[in-house]
Amino acid sequence: MPSGAELIRKAKEQIREVDPKQVHDLVQSGNGDAPVVVDVREQQEFEQSHLPGAVHVPRGHLESRIEGAARDRSDRVVLYCASGNRSALAAKTLQDELGYENVESMTGGITLWKDRGYDVEVPRRLTDEQRERYSRHLLVPEIGIEGQLKMLDAKVLLLGAGGLGSPTALYLAAAGVGTIGIVDDDVVDLSNLQRQILHSDARIGEPKVDSAAQAINELNPDVEVVKYQTRLDASNIMEIIEGYDVIVDGVDNFPTRYLLNDASVRLKIPVVSASILGFDGQISVFAPYQGPCYRCLYPTPPPAELAPSCGANGVLGALPGIMGVLQAIEVVKLITGSGEPLIGRLVLYEALSTSFTDLKLRRDPDCPICSRDPEEISDEEMGVFPDYEAFCAAAG
Ligand SMILES: [Zn+2]
């Protein structure tokens with residue numbers, strides 16, 4: 001029986017080897033004939049650093065996974081490991097047993113590559129605790145480690161820590177959205193607790209932003225909560241919303257909706273908007289310049305008597321649960337780029353009949369706001385809306 005060293009020596013005689021410089025030049029050239037560079041080391045080795053653009057197929061999974069990296073037997077494949085031995089054996093397997101015609105092993109492995117002064121990629125990693133916490137996300141291909149890192153980097157602003165904001169905040173916090181801003185000037189009231197599950201009996205009388213921050217950090221201390229104990233208005237909106245990746249609108253009043261629409265179009269921030277009344281809810285995503293904005297749909301506010309936000313209205317306690325969770329899912333889709341967000345669509349949910357209706361929405365080419373360039377939208381016209389007090393007084 002040959003020794004291990006002999007086996008490796010023989011394998012190297014039967015395969016082709018390639019110098020790191022040649023691999024470097026091929027990859028740098030950026031031509032269509034660049035080889036598929038495959039790292040055959042173990043997971044931990046790959047995670048520490050690897051060649052830029054390398055695909056990871058550990059040697060133990062070579063036979064079962066190589067087709068995911070190089071589908072075609074004629075593809076040019078360069079294998080590497082730490083020093084060039086494991087990749088030589090792997091190259092022999094690909095060549096002799098799997099019929100790959102154009103396989104090479106990089107001499108000296110990543111060690112020689114680094115000695116030559118070539119760059120390596122050091123992937124960002126999750127901590128062991130994050131791996132455990134988000135393990136069910138890591139198992140979903142649409143999210144995975146990349147999606148999870150995007151969520152940890154994401155900044156999401158919630159308008160309102162009420163009925164809709166409660167489930168949205170909790171699920172986004174649980175999902176690992178790194179920064180959650182909350183705008184709410186209210187305090188927790190006993191009548192809120194029928195649906196606003198962020199808060200608790202013990203926190204009645206506390207500012208909602210404080211109560212929300214406590215609930216979020218008890219669930220996930222990874223999340224940074226930014227509190228805005230204020231009411232969104234024309235004087236503060238640009239300052240507050242700038243820098244956020246997504247805004248979640250759970251505020252059911254028209255002046256704020258119009259103001260938010262105009263400001264978010266100007267800053268090109270998508271808004272996940274939902275509203276609830278009685279047993280009915282609706283949700284849409286307003287992505288500036290990709291789909292319609294709020295003013296495309298409602299160029300003017302509805303008649304005052306139809307405005308549900310002027311006084312207290314009844315709502316089923318669990319309804320904001322459904323609609324808020326739908327909002328949280330839209331946020332995750334926007335952040336991770338997975339699926340089809342509700343851009344240009346309005347989904348209506350009727351709880352009493354348990355039915356969902358999906359309506360198409362179109363951009364209005366004459367929309368007063370989004371038919372123009374963002375920088376043309378002036379401060380003076382943002383959120384311009386009839387006097388709200390008068391508007392509600394007219395509703396009786
Ligand atoms: Zn518009």
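The following dialogue examines how several descriptions of this predicted model are justified.

Trainee: What makes the site of the zinc ion tetrahedral?

Mentor: The angles among its four donor atoms run from 94 to 121 degrees. Four donors count as tetrahedral if all angles lie between 85 and 135 degrees, and the site therefore meets the definition. For reference, the ideal angle for four tetrahedral donors is 109.5 degrees.

Trainee: Which atoms coordinate the zinc ion, and how do you know that they are donors?

Mentor: They are the SG atoms of Cys 293, Cys 296, Cys 367 and Cys 370, at 2.2 to 2.3 Å. A donor S atom must lie within 2.8 Å of the metal, so these SG atoms qualify. In sequence, the donor residues follow the spacing C-x2-C-x70-C-x2-C.

Trainee: Why is the pair Cys 296 and Cys 370 said to tie together parts of the chain?

Mentor: Cys 296 belongs to helix H14, whereas Cys 370 is in the loop between strand E13 and helix H16, so the pair joins parts that are 74 residues apart in sequence.

Trainee: Are Cys 296 and Cys 370 buried or exposed, and how do you know?

Mentor: The relative accessible area is 9% for Cys 296 and 3% for Cys 370. Buried means under 20%, so Cys 296 is buried and Cys 370 is buried as well.

Trainee: Why is the pair of Tyr 294 and Tyr 298 called tilted?

Mentor: The ring centres are 5.0 Å apart, and the planes stand at 50 degrees. Centres within 6.5 Å make a pair; planes under 30 degrees apart would be stacked and over 60 edge-to-face. An angle of 50 degrees falls under neither heading, so the pair is tilted. The model has five aromatic pairs by this rule, and Tyr 294 and Tyr 298 form one aromatic cluster with Tyr 258 and Phe 286.

Trainee: What makes Tyr 294 buried but Tyr 298 partly exposed?

Mentor: Tyr 294 has 6% relative accessibility, which is under the 20% limit for buried residues. Tyr 298 has 32%, and values between 20% and 50% count as partly exposed.

Trainee: How do you know that the charged end of Lys 155 sits over the ring of Tyr 244?

Mentor: The charged end of Lys 155 is 5.2 Å from the ring centre. The definition asks for NZ of Lys within 6 Å of the centre and within 35 degrees of the ring normal; the pair is classed as a charge over a ring.

Trainee: What makes the phi of Lys 268 worth noting?

Mentor: Most residues other than glycine have a negative phi. Lys 268, not a glycine, has a positive phi of about 55 degrees. Lys 268 lies in the loop between helix H13 and strand E10. With a relative accessible area of 53%, Lys 268 is exposed, since exposed means over 50%.

Trainee: Why is helix H10 described as largely enclosed by the rest of the structure?

Mentor: Nine of its 11 residues are buried, so the description follows. Among them are Gly 165, Pro 167, Leu 170 and Leu 172. Just after H10, Gly 176 takes a positive phi of about 90 degrees.

Trainee: Which residues have the most contacts inside the largest nonpolar core?

Mentor: That core has 41 residues, and Leu 172, Ile 180, Ile 182 and Ile 216 have the most contacts inside it. Helix H15 supplies the largest share, six residues. A second, separate core of 29 residues includes Tyr 228, Met 238, Ile 241 and Leu 260.

Key:
Residues are numbered from 1 along each chain as its sequence is written. This is a predicted model: local features need pLDDT of at least 70, side-chain atom pairs count only at pLDDT 80 or more; totals for chains, interfaces and linings use all residues. Side-chain values use heavy atoms; hydrogens and water are left out. A nonpolar core is a set of buried Ala, Val, Leu, Ile, Met, Phe, Trp, Tyr and Cys residues joined through side-chain atoms within 4.5 Å. Buried means under 20% relative accessible area, exposed over 50%, partly exposed in between (1.4 Å probe, protein chains only). Helices (H or I, at least four residues) and strands (E, at least two) are DSSP runs, numbered from the N terminus. Donors are N, O and S atoms within 2.8 Å of the metal (3.2 Å for Na, K and Ca); water is not among the atoms, so sites may look incomplete. Four donors count as tetrahedral if all angles lie between 85 and 135 degrees; four count as square planar and six as octahedral if opposite donors are over 155 degrees apart and all others between 65 and 115; anything else is irregular. Rings of Phe, Tyr and Trp (its six-membered ring) pair if their centres lie within 6.5 Å; planes under 30 degrees apart count as stacked, over 60 as edge-to-face and the rest as tilted.
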